[in-house]
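Here are my notes on the model you sent round, set out as numbered points so that each can be checked against the coordinates.

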Amino acid sequence: MAMEGVTPFPQEFAARYRQLGYWRDETLGNVIGGWMREHAERVAIRHPVEWTYGELDARAGRLARNLLALGLGPRSRVVVHLPNVPEFLELYLALQYIGAIPLMALPAHREHEIGHYVEFVEAEAYAVPASFGRFDFLEFARGIRSNSTCLRHVLVAGPAPADEGFVSIGDLAEQDPAFGPEALEALEIDPDDPCVFQLSGGTTGIPKVIPRTHNDYAFNSHLIGSVNDIRPDDVLLVAAPIGHNFPLASPGVQAFFEFGASVALSTTPRAAEVMPIIERCRVTHLEVVPAMIIGWLNDEHLADHDLSSVRVINSGGQKYQRETKIRTEEAFANAKVQEVFGMAEGLLMISRLDDPADVRYETAGRPICPEDEVQLVGEDGGPVEPGEVGELICRGPYTLRGYYKVPEVNARSFTADGFYMSGDLLRLHPSGNYIVEGRRKDLVNRGGEKISAEEVEDLLLSHPAVKMVACVPMPDPVLGERMCAFVVPRGAPPALADLTGLLAERGLARFKHPERVEVVDELPLSPFGKVQKNVLAKRVADLLEVESLSRA
Ligand code: OOB
């Protein structure tokens, strides 16, 4: 029986993906467990701990059985709010071994997001770091737990406090479990169930939850791993938030584990911390968002480090400009840049390492699977002429058929025949690869982190000095975009700090706070009465231009 709230793939598609060998009807836990045994003697994690596959697997196995003893099991939901620490990996494996479903929150999320996810997916457990940065995660977890009707356990990376219901992940990975290994074998886990809940960049008031199934997610990392030149002695640096689909499985940790290669974890993308890891661990593969690499390229100490081990740089999440790609290959002299155009919803495009340099510089790649059905459509929903810009719609063996539990959103996010409407505007390049030209969806892409304008506007409207508001992207040389709020005031115009103060009070993740406010008498409306956000985006871009000229 399909899990409630999850849209299954239609029968004829599922049968085809099975027949082609894409879906293997194995649980992701079994697939990963197989790699763990196959590579038992090899090093799985190189930094900040050094664990072999055998050690990681033994820890994850004990953790899995201890989680069973806590009452978690197949289909239990667990909100994972961890930075890039080894506990993330042992927990991810353990949850896969018991068929529980982790929801991948970002470390920057706060009450507004976490409170919602916990209730929305009816999470039984919530994982936090004992300490990370300046934010008190344990105190935060106490608040989340006391406000929740479903949450029973708080799983802590690091020492757990004495509070009831708080347990240390490390302790559970080391203590002898009440159940033997046969308890794991006896579990019934449906490979068509979600194995992970990813989060959508999203354009709605609340972020949407993406169910990725065992069948589709194992295939996802396997296939994109096959075009990344991964060799057993390779090392992947994970410096972007590890739960995100890109570093987790596209190709990410999952593909590197399939090959018996290793991963090095950094809890920050800062050059000063990352460069020594690259040097010491002889990192071969990077997965970055452009903002991260621009930060590195601008670091005055970059040339002091030996970066010669790096062969492959995957960049995704945001447009990677041709000039930046060229500068990147100058700084990492032995590396080739490969752009990934991906989405937590599924579809992955990637330029190939053997594409001509110009094609790698110009394009965001092409789909990874022959069964990825990709179309570019015009306003009328019909296909555009080759070479014209159209909205990307897609369907395939690892692309979702519906967001979790939001039928009304699904009705407008998918075509009648099940294509996901991405809201991205693309153009076909003569090489057969695609170029990203923009988007139709209402979001701000801040250094690869997606911010739903509607989510922020909904909150800002509750400010007494805000009569109307429209949030739009403004250009930024490093992050690509930041968010500007155009406000029609009620009474005295609010300052930026008034708005961000309200958002902080509401517990909205800080990266979603607008960074500029423009007070206006009215918002420009289309003949249909819709706010013309493109007009506002142009207005703030022009303002920034004038300001930078007057500073020069
Ligand atoms: C990745 O996933 P999400 O879910 O955070 O964001 C997806 C959206 C896409 O719909 C597109 O708007 C944008 O991010 N995007 C790009 C891009 N890659 C993603 N826009 C321009 N150029 C690119 N190369 O961002 C993601 C997931 C897996 C792998 C890589 C990225």
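1. A residue is called buried here if its relative accessible area is under 20%, exposed if that area is over 50%, and partly exposed in between. With that cut-off in hand, and bearing in mind that this is a predicted model, S351 is a clear case to begin with: its relative accessible area is 0%, so S351 counts as buried. S351 sits in the loop between β15 (346–350) and α15 (357–362). Once its neighbours within four places in sequence are set aside, S351 is in contact with Q338, E339, R360, T363, A364, G365, R366 and N433.

2. E329, which belongs to helix α14, also falls under the cut-off, because its relative accessible area is 15% and E329 is therefore buried. Leaving out the neighbours within four places in sequence, the residues in contact with E329 are A335, K336, V337, R360 and Y361. For orientation, R280 lies 49 residues from E329 in sequence, and the C-alpha atoms of the two are 20 Å apart in space.

3. Helix α14 (residues 322–331) also packs against helix α13 (residues 290–297), their axes coming within 11 Å and crossing at roughly 50°. That angle makes α13 oblique to α14, and the crossing is left-handed. On the side of α13 the contact is made by I293, I294 and L297, and on the side of α14 by T324, R327, T328 and A331. By character, the residues of this contact divide into four nonpolar, two polar and one charged. Helix α13 has a second relationship worth checking, since α13 lies across β10 (235–238), β12 (285–288) and β13 and runs at about 115° to β12.

4. The strands just named belong to an open sheet of nine, in the order β2-β1-β11-β10-β12-β13-β14-β15-β16, whose pairing is mixed. Its edges are β2 and β16 (366–367), each of which has a single partner strand, so one side of each is left without a neighbour in the sheet. Within this sheet, strand β13 (residues 312–316) and strand β14 (residues 336–343) run parallel and are joined by five bridges. For anyone wishing to check the register, V312 has K336 in β14 as its bridge partner.

5. Which strands make up the open sheet of four, and in what order? The order is β17-β18-β19-β20, and the pairing is antiparallel. The edge strands, each pairing on one side only, are β17 (373–377) and β20 (434–439). From one strand to the next the twist averages 45°. Strand β17 pairs with strand β18 (residues 390–395) in the antiparallel sense over five bridges, and Q375 stands opposite I393 in β18.

6. The buried residues of helix α2 are L28, G29, V31, I32, G33, W35 and M36. An α-helix has 3.6 residues a turn, so residues three or four places apart point the same way. The cover over the buried residues of α2 includes α3, α4 (86–98), β8 (194–199), α9 (214–225) and α11.

7. Some backbone details deserve a separate look, because most residues other than glycine have a negative phi and most peptide bonds are trans. Among the exceptions are two cis peptide bonds that precede a proline: one runs from H47 to P48, with omega near 5°, and one joins S250 and P251, with omega about -5°. P48 lies in the loop between β1 (43–47) and β2 (51–52), whereas P251 has its place in the loop between α10 (245–249) and α11 (252–258).

8. Where do the positive phi angles of D25 and R75 fall in the fold? D25, with a phi of about 55° although it is not a glycine, lies in the loop between α1 (11–19) and α2 (28–38). R75, likewise not a glycine, has a phi of about 70° and is found in the loop between α3 (53–69) and β3 (77–80). D25 has 37% relative accessibility and therefore counts as partly exposed, and R75 is also classed as partly exposed, because its relative accessibility is 29%.

Terms used:
Residues numbered from 1 in each chain as written. Predicted model: local features only at pLDDT ≥ 70, side-chain atom pairs only at ≥ 80, totals over all residues. Heavy atoms only, no water. Axes fitted to C-alpha atoms, helices over the stretch in contact; angles between N-to-C directions. Helix = DSSP H or I, 4+ residues; strand = E, 2+ residues; numbered from the N terminus. Parallel < 35°, antiparallel > 145°, perpendicular 65-115°, else oblique. Left-handed = near helix turned anticlockwise from the far one by under 90°. Contact = heavy atoms within 4.5 Å. Nonpolar A, V, L, I, M, F, W, Y, C, P; charged D, E, K, R; others polar. Pairing = 2+ DSSP bridges. Buried < 20%, exposed > 50% of the residue type's maximum accessible area, 1.4 Å probe, protein only.
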